[in-house]
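Welcome! Here are some exercises to help you find your way around a protein you have not met before. Try each task with the viewer first, then read the solution.

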Amino acid sequence: MISDYDLTGGDRLPPQNVEAEEEILGGILLDPDALVRVAELLRPEMFYTSAHQEIYRAALQLHSQGQPTDLMTVSAWLADHHLLERVGGTGAIRRLLEQTVSSINIDQYARLVLDKYMRRQLIQVSNTLARLAYDTSQPLSQVMDQAEQQVFGLTQERVQRSLIPASDVLVNIFSDLEEKFQNGAQIPGIPTKFIDLDNLTQGLQRSDLLILAGRPSMGKTSLALNVAQNVAAYSKQPVAVFSLEMSREQLVQRLLASEARIDSSRLRSGRISENEWQRLGQAIGFLSQLPLFIDDTPDCTVTEIRSKARRLQAEQGGTLGMVLIDYLQLMQGSAADNRVQELSRITRGLKALAKELMVPVLVLSQLSRAVESRSDKRPQLADLRESGCLSGETEVLDVDRGKVWRLEQLASVAQPEALPRLLSLNSRGRLVPQKPVKVFCSGKQRTCTLKTRLNLSIQATGNHPFFTQQGWKALDDLQLEEEVAVVLQEELVWDPVVSISELGDPQPVYDIEMPRHHNFVANGLLVHNSIEQDADLVMMLYRPEYYDPNTNDRGIAELIIAKHRNGPTGTVRLLFENQYTQFRNLADPNR
């Protein structure tokens with residue numbers, strides 16, 4: 001009996017190796033230790049015939065209960081579950097045992113079965129792609145996105161790594177340290193060549209999502225391009241640049257002005273002096289040798305970027321040094337989502353991209369106008385667009401113990417596993433308990449007090465998202481009488497906003513990092529995570545002279561490390577030469 005696959009191939013049978021399946025099952029019946037050798041590699045659905053699937057599933061169940069997987073026990077389990085006749089009776093199981101001499105080659109047979117299964121899956125995906133292509137009712141862009149997801153899902157069907165001895169890990173670490181010592185490497189990550197930044201972050205870490213944020217005209221694109229150029233030049237690794245705002249010509253002109261040290265405005269207009277032509281030629285020669293790849297397709301999705309980055313990595317021999325995306329707010333998500341949900345999905349997708357390709361992904365982001373309203377214009381974590389925070393007095397409920405916690409209390413809990421489970425709205429619209437990843441302080445911010453008709457109130461920054469009947473909306477965008485989601489006795493209801501008033505002095509604000517659903521109930525209202533939750537490193541760019549042309553810090557830029565998941569935070573000072581669109585090390589301007 002053959003399992004139910006949607007496979008086509010004319011008169012040809014789908015890829016399968018029934019003999020290998022029989023040898024595996026016979027080996028499991030013969031040798032009680034054989035199952036351990038293949039359980040990590042094979043799942044029941046990987047067998048071609050449904051009878052073999054059921055027998056293997058029975059063996060797995062028995063093994064998990066500490067029972068033997070011999071002929072008698074497997075037959076009895078199948079009979080108890082009314083499956084024995086479906087697999088051909090005890091005689092069919094006995095024949096598997098009788099025709100097997102030993103289980104010595106069971107590992108090799110398991111790899112054969114896995115190979116055939118993956119080929120059948122590929123055929124099934126191919127059929128799905130064909131049906132999508134014939135469906136002319138959907139826009140082509142949507143069809144392409146679904147097709148990409150189908151293929152990507154197939155490539156993700158990997159075997160999880162098993163437990164390995166610590167001694168093996170130590171050998172690998174020693175070899176790695178020895179190689180770094182021989183090569184003179186001083187940091188574990190990919191160096192940016194900005195010395196103070198590398199000292200603070202230990203370089204760009206593979207699989208990390210990094211956000212570089214700033215107000216317009218701060219120079220974040222120039223800084224990101226300088227980093228990208230340094231990675232390509234000094235690490236000799238390919239860099240993928242996705243520009244959703246500027247054309248590839250504009251980006252390359254910035255690189256050229258920086259490398260040749262020619263005023264960018266004169267370079268764009270072609271007003272180049274005689275002695276600059278030689279520097280220009282040298283810069284062109286240098287940049288043309290760099291493994292720097294630029295895509296200026298507007299309105300890119302994470303899926304498109306993932307596909308292009310994966311293809312580039314394959315073309316470059318499996319090596320990729322960095323992915324740069326300019327900028328976050330221009331990326332497109334699902335049309336069914338509102339903007340807050342879109343950006344949450346996008347940042348989670350970008351973090352997944354960093355982990356899949358094992359490269360640092362650097363994403364530029366806008367900061368909110370809240371920066372401009374403060375006397376101290378230095379940006380803070382809560383200034384990230386579509387991010388937000390709540391006052392320390394905000395209360396959340398421990399759903400298991402009924403205890404009420406203030407956010408400032410939760411932020412002092414040292415161990416994440418000690419955090420209580422909180423209510424969160426899942427994708428089906430149900431309130432479910434969920435344990436936070438962490439609770440943290442985001443510095444001092446101005447807040448507003450929101451009050452509802454049912455006399456619920458909360459203090460939040462103006463950009464903190466609340467759930468409305470139109471989806472997630474920032475507090476600044478809410479209107480009086482607009483209904484927001486509140487929770488009463490664990491039931492979600494709609495409650496109109498009756499007042500929004502701004503408070504005076506800035507106060508410490510907090511946020512909670514929630515997995516999966518990225519929202520939680522606070523003071524009885526449903527609120528959303530910040531977009532920075534998925535980021536491993538958040539950097540904010542600030543130039544004092546932008547706000548005060550007479551400052552003593554002219555030409556100085558501060559790169560504020562506002563969040564660092566695996567290391568310290570702090571501030572790095574850089575030299576910025578606006579005419580060349582170039583950032584340099586402050587201590588040694590020649591580097």
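**Exercise 1: A leucine and its contacts**

Leaving aside its neighbours within four places in sequence, which residues is Leu223 in contact with?

*Solution.* Before starting, keep in mind that this is a predicted model.

Step 1. Select Leu223 and skip the residues within four places of it in sequence; the contacts left are Phe194, Leu212, Leu541, Leu559, Leu574 and Phe583.

Step 2. Now place Leu223 in a wider setting. The largest nonpolar core has 47 residues, and Leu223 is among those touching the most other members, together with Leu212, Met322, Leu324 and Leu559. Helix α10 (residues 220–234) contributes the most to this core, giving 8 residues.

Step 3. Look for another group as well. A second, separate core has 31 residues, including Ala34, Val38, Leu84 and Ala110. As background, nonpolar side chains in soluble globular proteins tend to be buried together.

**Exercise 2: An asparagine in a helix**

Find Asn230 and decide: is Asn230 buried or exposed?

*Solution.*

Step 1. Asn230 belongs to helix α10.

Step 2. Its relative accessibility is 14%, and the cut-off for buried is under 20%. Asn230 therefore counts as buried.

Step 3. Apart from neighbours within four places in sequence, Asn230 is in contact with Thr192, Lys193, Phe194 and Ser235.

Step 4. Follow Lys193 from that list: its charged end sits over the ring of Tyr234, 5.0 Å from the ring's centre. For another example, turn to Lys403, which lies over the face of Trp405 at 3.9 Å from the ring centre.

**Exercise 3: Aromatic pairs**

How many aromatic pairs are there?

*Solution.*

Step 1. The count comes to 5 aromatic pairs.

Step 2. Take Phe467 and Trp494, whose ring centres are 5.9 Å apart, with 35° between the planes. Planes under 30 degrees apart would count as stacked and over 60 as edge-to-face, so this pair is tilted.

Step 3. Trace the chain between them. Phe467 is in strand β14 (residues 465–468) and Trp494 is in strand β17 (residues 491–502), 27 residues apart, and the pair links distant parts of the chain.

Step 4. Check the surroundings. Phe467 is buried at 16% relative accessible area, whereas Trp494 is partly exposed at 32%.

Step 5. Turn to Phe576 and Phe583. Their ring centres are 4.4 Å apart and their planes meet at 35°, so this pair is tilted. Both Phe576 and Phe583 are buried.

Step 6. Finish with the tyrosines: ring pairs link Tyr542, Tyr546 and Tyr547 into a cluster.

**Exercise 4: An enclosed strand**

Why is strand β18 described as largely enclosed by the rest of the structure?

*Solution.*

Step 1. Strand β18 spans residues 507–513, and 6 of its 7 residues are buried, so it is largely enclosed.

Step 2. Look at its partners. Strand β6 (residues 390–391) runs antiparallel to β18 and is joined to it by 2 bridges. Strand β11 (residues 438–445) also pairs with β18 in the antiparallel sense, over 6 bridges.

Step 3. Centre the view on Tyr510 in β18. Tyr510 is the bridge partner of Leu390, and Cys441 stands opposite Tyr510 too.

**Exercise 5: Positive phi in two loops**

Where is Ser207 found, and where does Asn455 lie?

*Solution.*

Step 1. Ser207 is in the loop between α9 (195–201) and β1 (209–214). Asn455 is in the loop between β12 (448–452) and β13 (457–460).

Step 2. Read the backbone angles. Phi of Ser207 is near 80°, a positive value in a residue other than glycine. Asn455, also not a glycine, has a positive phi of about 70°.

Step 3. Compare their settings. Ser207 is buried, with a relative accessible area of 17%, while Asn455 is exposed at 69%.

**Exercise 6: The end of a helix**

Which residues does Leu30 touch, not counting residues up to four places away in sequence?

*Solution.*

Step 1. Leu30 lies in helix α1 (residues 18–30).

Step 2. Its contacts are Leu97, Thr100, Val101, Ser102 and Ser103.

Step 3. Leu30 is partly exposed, with a relative accessible area of 39%.

Step 4. Leu30 and Asp70 are 40 residues apart along the chain, and their C-alpha atoms are separated by 6.6 Å.

How values were computed:
Residues numbered from 1 in each chain as written. Heavy atoms only, no water. Phe/Tyr/Trp six-rings, centres within 6.5 Å; stacked < 30°, edge-to-face > 60°. Helix = DSSP H or I, 4+ residues; strand = E, 2+ residues; numbered from the N terminus. Buried < 20%, exposed > 50% of the residue type's maximum accessible area, 1.4 Å probe, protein only. Lys NZ or Arg CZ within 6 Å of the ring centre and 35° of its normal. Core = buried A, V, L, I, M, F, W, Y, C linked by side-chain atoms within 4.5 Å. Contact = heavy atoms within 4.5 Å. Pairing = 2+ DSSP bridges.
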